[in-house]
Amino acid sequence: MVLQAYPEFAPPSAPADEPDDLAASSLLEAPKGQTISLHKLAPEAALHNLELTIVRRLEGFLQGDHLGLLPGPGSEPGDARVYVPGQDDVRRMDWAVTARTLVPHVRDTVADRELEIWALLDVTPSMNWGTAGVTKRDLGIAAVATLGFISQKVGDRFGGLIYRPDGVKRLEAGSGRTALYTLLGKMLEEPIVPDRAPATLSLAQAIDAMTRMQRRRGLRVVVSDFLTAGEAEIDPAVPPEWERALRRLSVKNQVLCVEVVDAAELALPDVGEILIRDPESDFSRYVNTSDPKARLLVDAAAKQQRTRVATAMRRAGVGHLQLATNRDWVEDIARFVLNYRRTATVLHTPPQGVTK
């Protein structure tokens, strides 16, 4: 179980002469391998009616087939459909069809560029934990799989980056379902990073590396728990280190952040006295989870921390999807995608002077 330390509740440190076997018995063991099989990552039958909305301008060389919310360079008229008040731009009104049917219609646009999607997967030690049968890391891979299935069309390319504490590993992009399954298999087979592995790269630096590696515009997905080792700051007014990196990434790309959490991180379970240890640092504390006051303080701090993450993503102008190990990720992503169309245009409005 991975919990961040907060100044509001700091139980006494574990005794220095505590035997290692006792400390190990108080912790969940690190996973030895994947906790989910490849064929269960994203059931295609449940996803065939979903499509991730793309509203940023794309750059490519092939002929694509993506519906856009805004007309712009490289777009051509598509099919006409009934106007939805509050969702559609009145400037896209198709007056000819409206006059014939006496019902307001708008004309969709079809982008003439293929989509290039890159996903950054965090596999640092804090992602190795999960108390609901699946680790946060494997849940993140499931999110990559699901988003890959609902965003890819003919000619689109999907590539991956794996963020380890010592560097970023690049997985080549490819087109089609076979290439996507190959990429997912490589992510599942990536070796588990041991606890307290030396870290020379932060999440902000990994996001900046993603910005530098990919020159073409497209969709960028960042999958992480967005926890920084040793950081005790939970004030939403204080921006986390990775917020500025997300801003830079979103200048020319449509960015979606997938925040992966575990149920025990949101609500501390009542399991008696346990040893909580940060897998990315030397921090460790004994906590009496049977104490209602202790649970209240830790849960309040955890809620504040998640509020800080959500606030930072809103300021950065990126999409935010939260997945939990104890929930159905396909249902959560489906609900997110269906609501995303209404908010994507405003959310991904680029800074002044930058074109879509």
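Me: When do two strands pair?
Reply: The model is predicted. DSSP has to find bridges between the two strands, and the minimum number is two.

Me: In what order do the strands of the open sheet of 6 strands stand?
Reply: The sheet is open and its pairing is mixed. Its 6 strands run in the order β6-β5-β4-β7-β8-β11.

Me: Which strands stand at the edges, each with a single partner strand?
Reply: A strand with a single partner has no neighbour on one side, so that side is left free in the sheet. This applies to β6 (167-174) and β11 (319-324).

Me: By what angle are neighbouring strands of this sheet turned against each other on average?
Reply: Direction is ignored for this average. The value is 15°.

Me: What angle does the direction of helix α3 make with that of β8?
Reply: Helix α3, residues 136-151, packs on the sheet. It touches β4 (116-122), β5, β7 (219-224), β8 (254-261) and β11. With the direction of β8, that of α3 makes about 145°.

Me: In what sense do β5 and β6 pair, parallel or antiparallel?
Reply: A hairpin through 2 residues joins β5 to β6. Arg-164 stands opposite Gly-167 in β6, and Tyr-163 has Val-168 as its bridge partner in β6. Over 6 bridges, the sense is antiparallel.

Me: Over how many bridges do β4 and β5 pair?
Reply: Here the sense is parallel, and Glu-116 stands opposite Arg-157 in β5. The number of bridges is 7.

Me: How many of the 8 residues of β5 are buried?
Reply: Buried means under 20% relative accessible area. β5 is mostly covered, and its buried residues number 7.

Terms used: Residues numbered from 1 in each chain as written. Predicted model: local features only at pLDDT ≥ 70, side-chain atom pairs only at ≥ 80, totals over all residues. Heavy atoms only, no water. Helix = DSSP H or I, 4+ residues; strand = E, 2+ residues; numbered from the N terminus. Axes fitted to C-alpha atoms, helices over the stretch in contact; angles between N-to-C directions. Contact = heavy atoms within 4.5 Å. Buried < 20%, exposed > 50% of the residue type's maximum accessible area, 1.4 Å probe, protein only.
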